[in-house]
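These are my notebook entries on a two-chain model. I record what I looked up, in the order in which I looked it up.

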Amino acid sequence: MKSPLLENERFVQIAAPVFVGVVFLLLWEAVVRATGTPVYILPGPLDIAKAFVADWAVLFHSLLMTLKVTLMAFAISVVLGTAASLLFVQSRWIEVSLFPYAVLMQVTPIVAIAPLIIIWVDDTTWALTVCAVIIAIFPIISNTTLGLRSVDPNLLSMFRMYRTGRLQQLIRLRIPSALPYFFGGMRISTGLALIGAVVAEFVAGTGGTQAGLAYLILQSGYNLNIPRMFAALGLITLTGIILFALMVWLSDRVLRNWHESALKVEQ
Amino acid sequence: MTNVKATRPEVVVPMSTEQQTRPAVGGRPVVSVRDVDKVYGNGTVALKGVNLTVKEGEFVSLLGPSGCGKSTLLRLMAGLGDVSAGKVSWWEQDYNVVGHKGRKLAFVFQNATLMPWARVRKNVRLPLDLNREKGPETEQRIDQALDMVGLNKFGDAYPRELSGGMQMRVSIARAMVTEPNLLLMDEPFGALDEMTRNKLNDDLLRLWKANGWTVVFVTHSVYEAVYLSNRVVVMAARPGRVIEDVPIEAPYPRGQEFRVSTEFAGYCRRVSEALEVASRQGEEAK
């Protein structure tokens with residue numbers, strides 16, 4: 001027996017993972033109840049939901065703090081990363097001299113340098129932002145540089161034939177060619193900005209009005225308020241997913257007319 | 001150069017076939033290559049002692065096995081890359097004298113080489129943009145170019161929405177929009193199916209005739225070369241050089257009858273034999 005709803009591709013795409021999620025949550029709740037596991041070891045989904053509602057004010061405030069750092073770091077990464085890429089493609093010399101340092105920045109564990117940055121930068125929000133930028137900027141730099149170099153060689157020949165200047169070449173040819181790569185970089189970068197913001201806050205351990213979701217998790221851990229810990233964790237994950245989806249949507253909007261990645265192919 | 005636009009199409013039609021068949025007689029050299037060598041940085045000798053003069057109104061094909069340097073030669077004629085020895089001149093002058101605009105040259109690449117992010121119209125106007133030509137007159141020229149390749153309804157389409165043959169026609173329109181005298185084509189129809197290719201060959205001949213172009217056309221195909229050209233230049237590889245220059249004296253306009261004629265078959269045989277010799281020499285040199 002087949003219902004017409006199950007043949008709808010979109011419906012199945014949404015319904016199937018939701019179904020798996022609901023089954024998982026039900027099982028979780030059942031196991032927690034059956035074994036009588038105390039809330040401070042593993043709360044059931046219902047306990048977490050209750051904490052979510054009860055602590056909403058605190059959670060939301062922390063979320064805003066984390067989101068602020070994440071978005072600032074992301075914006076700075078996009079601007080500085082793009083600027084660096086544009087600089088790199090101007091001359092082989094600049095790229096060869098500076099690119100290794102971009103890699104160096106990427107491979108240094110942020111947890112290891114965060115304490116230094118927190119000492120050097122007075123304002124906590126800025127200190128966290130700097131940490132997040134350090135890890136979020138690399139995908140922008142590497143992807144955009146790659147994109148600016150990935151130009152159809154024949155089109156480039158044509159521009160050369162017309163003795164076109166560098167600026168024209170950049171605007172008319174290199175930047176449009178780089179867009180798909182740039183958006184690819186942005187997708188990775190949003191996630192890293194969020195991770196950077198959370199990790200840096202774990203290291204900084206800032207409390208008070210500046211407290212973000214990471215601090216909330218730490219604090220809830222100390223207080224054995226495990227349901228709230230799960231609620232904060234859930235919020236971080238949800239934020240990451242929303243930011244990622246936003247980037248996918250944005251790149252789809254910009255590229256949908258011409259780039260393969262955004263095409264809907266009918267089989 | 002006479003103003004071909006003004007005289008079209010009334011004058012083109014009655015133009016005698018004699019004139020069209022042998023425009024080389026008395027025609028000015030448009031591009032000439034003298035004793036040219038091209039050695040790449042890795043030591044590959046792409047061309048050795050090449051001499052070739054293309055005169056006004058000629059349709060010359062460069063034919064040869066892979067690696068014979070025909071594309072390299074064409075690129076040198078476009079002023080892309082420097083010669084290692086010898087000289088390339090346009091209208092009997094050095095590049096420094098004529099400059100890019102003075103050469104009135106357009107290049108059609110192997111693939112359509114369109115900007116995928118730009119609509120057809122924007123692609124066609126690219127050479128005008130690069131030359132910083134603006135104004136209502138340029139819009140008219142774009143319309144005309146699209147008209148001539150039969151794509152006036154597709155100005156707002158994106159390249160990926162078009163078939164391979166149509167993309168190639170956009171590429172030709174882009175070349176036409178600058179009103180060139182010299183059209184350099186690097187295996188432009190190589191990737192297309194035979195039907196489309198034959199159609200585009202006929203379109204090209206029609207446009208060549210109507211606009212009074214001079215064409216240098218690189219191809220792999222003996223049939224295509226014979227069908228289109230009034231001269232087929234056969235090249236050999238290792239090192240790349242010209243070994244034969246076969247005049248094709250059949251009158252224009254050429255059509256389906258020419259494709260199936262014994263005359264056509266005869267020329268094809270001759271050119272194939274020359275190509276055979278070229279391939280053998282290249283093999284021996286390996």
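**Entry 1. Chain A: domains**

Which domains does the domain assignment give for chain A? I noted domain 1 (1–36) and domain 2 (41–262). I worked throughout with a predicted model. Taken over C-alpha atoms, the centres of domain 1 and domain 2 of chain A are separated by 32 Å. I then looked up the contact between them: domain 1 of chain A contributes 5 residues and domain 2 of chain A contributes 4 residues. On the side of domain 1 of chain A that touches domain 2 of chain A, I found 3 nonpolar, no polar and 2 charged residues.

**Entry 2. Chain A: secondary structure and extent**

I listed 10 helices and 0 strands for chain A. Read from the N terminus on, the elements run α-α-α-α-α-α-α-α-α-α. Why is chain A more spread out than a compact globule? The radius of gyration of chain A is 23 Å, well over the 18 Å that the globule rule gives for 267 residues, so I recorded chain A as more spread out than a compact globule. The C-alpha trace of chain A spans about 75 × 65 × 25 Å along its principal axes.

**Entry 3. Chain A: helix H3 and its partners**

I examined helix H3 (residues 56–90) of chain A against helix H9 (residues 213–222) of chain A; their axes come within 7 Å and cross at roughly 135°. H3(A) and H9(A) are therefore oblique to each other; the angle falls neither under 35 degrees, nor over 145, nor in the range 65 to 115. From H3(A), the contact takes Val58(A), Ser62(A), Leu63(A) and Thr66(A), and from H9(A) it takes Leu213(A), Ala214(A) and Leu216(A). By class I recorded 5 nonpolar, 2 polar and no charged residues in the contact of H3(A) with H9(A).

I next took H3(A) with helix H4 (residues 92–107) of chain A. Here the axes come within 6 Å and cross at roughly 135°, and H3(A) and H4(A) are therefore oblique to each other. Which residues of H3(A) and H4(A) make the contact? H3(A) supplies Leu87(A), Phe88(A) and Gln90(A), while H4(A) supplies Ile94(A), Glu95(A), Leu98(A) and Phe99(A). The contact of H3(A) with H4(A) divides into 5 nonpolar, 1 polar and 1 charged residues.

**Entry 4. Chain B: domains**

For chain B I noted domain 1 (40–104 + 183–286) and domain 2 (117–179). The C-alpha centres of domain 1 and domain 2 of chain B lie 25 Å apart. In the contact, 10 residues of domain 1 of chain B meet 7 residues of domain 2 of chain B. Helix H9 (residues 194–211) of chain B gives the largest share of the domain 1 side, 4 residues. That side has 7 nonpolar, 1 polar and 2 charged residues.

**Entry 5. Chain B: the open sheet**

In what order do the 6 strands of the open sheet of chain B stand? I read S5-S6-S7-S3-S8-S9, with mixed pairing. Strand S5 (105–108) and strand S9 (241–247) of chain B stand at the edges, each with a single partner strand, so one side of each is left without a neighbour in the sheet. From one strand to the next, the twist averages 15°.

I followed one edge further: strand S8 (residues 231–236) of chain B and S9(B) pair in the antiparallel sense over 6 bridges. Val234(B) stands opposite Glu244(B) in S9(B). Two helices that pack on the sheet were then checked. Helix H8 (residues 164–176) of chain B touches S5 and strand S6 (182–186) of chain B, and its direction makes about 170° with that of S5(B). Helix H12 (residues 262–284) of chain B touches strand S3 (59–63), S8 and S9 of chain B, and its direction makes about 20° with that of S8(B).

**Entry 6. Chain B: strand S1 and its partners**

Strand S1 (residues 29–39) of chain B pairs with strand S2 (residues 45–55) of chain B in the antiparallel sense over 7 bridges. Val45(B) in S2(B) is the bridge partner of Val39(B). The hairpin of S1(B) and S2(B) has 5 residues between the strands, and Gly43(B) takes a positive phi near 95° there. S1(B) also pairs with strand S4 (residues 85–90) of chain B, in the antiparallel sense over 5 bridges. Lys87(B) in S4(B) stands opposite Arg34(B).

**Entry 7. Contact between the chains**

Last, I looked up the contact of the two chains, which takes 16 residues from chain B and 15 residues from chain A. On the side of chain B that touches chain A, I recorded 10 nonpolar, 5 polar and 1 charged residues.

Key
Residues numbered from 1 in each chain as written. Chains lettered and ligands numbered in written order. Predicted model: local features only at pLDDT ≥ 70, side-chain atom pairs only at ≥ 80, totals over all residues. Nonpolar A, V, L, I, M, F, W, Y, C, P; charged D, E, K, R; others polar. Axes fitted to C-alpha atoms, helices over the stretch in contact; angles between N-to-C directions. Domains from an automatic or database assignment. Pairing = 2+ DSSP bridges. Rg over C-alpha atoms; globule rule 2.2 N^0.38 Å.
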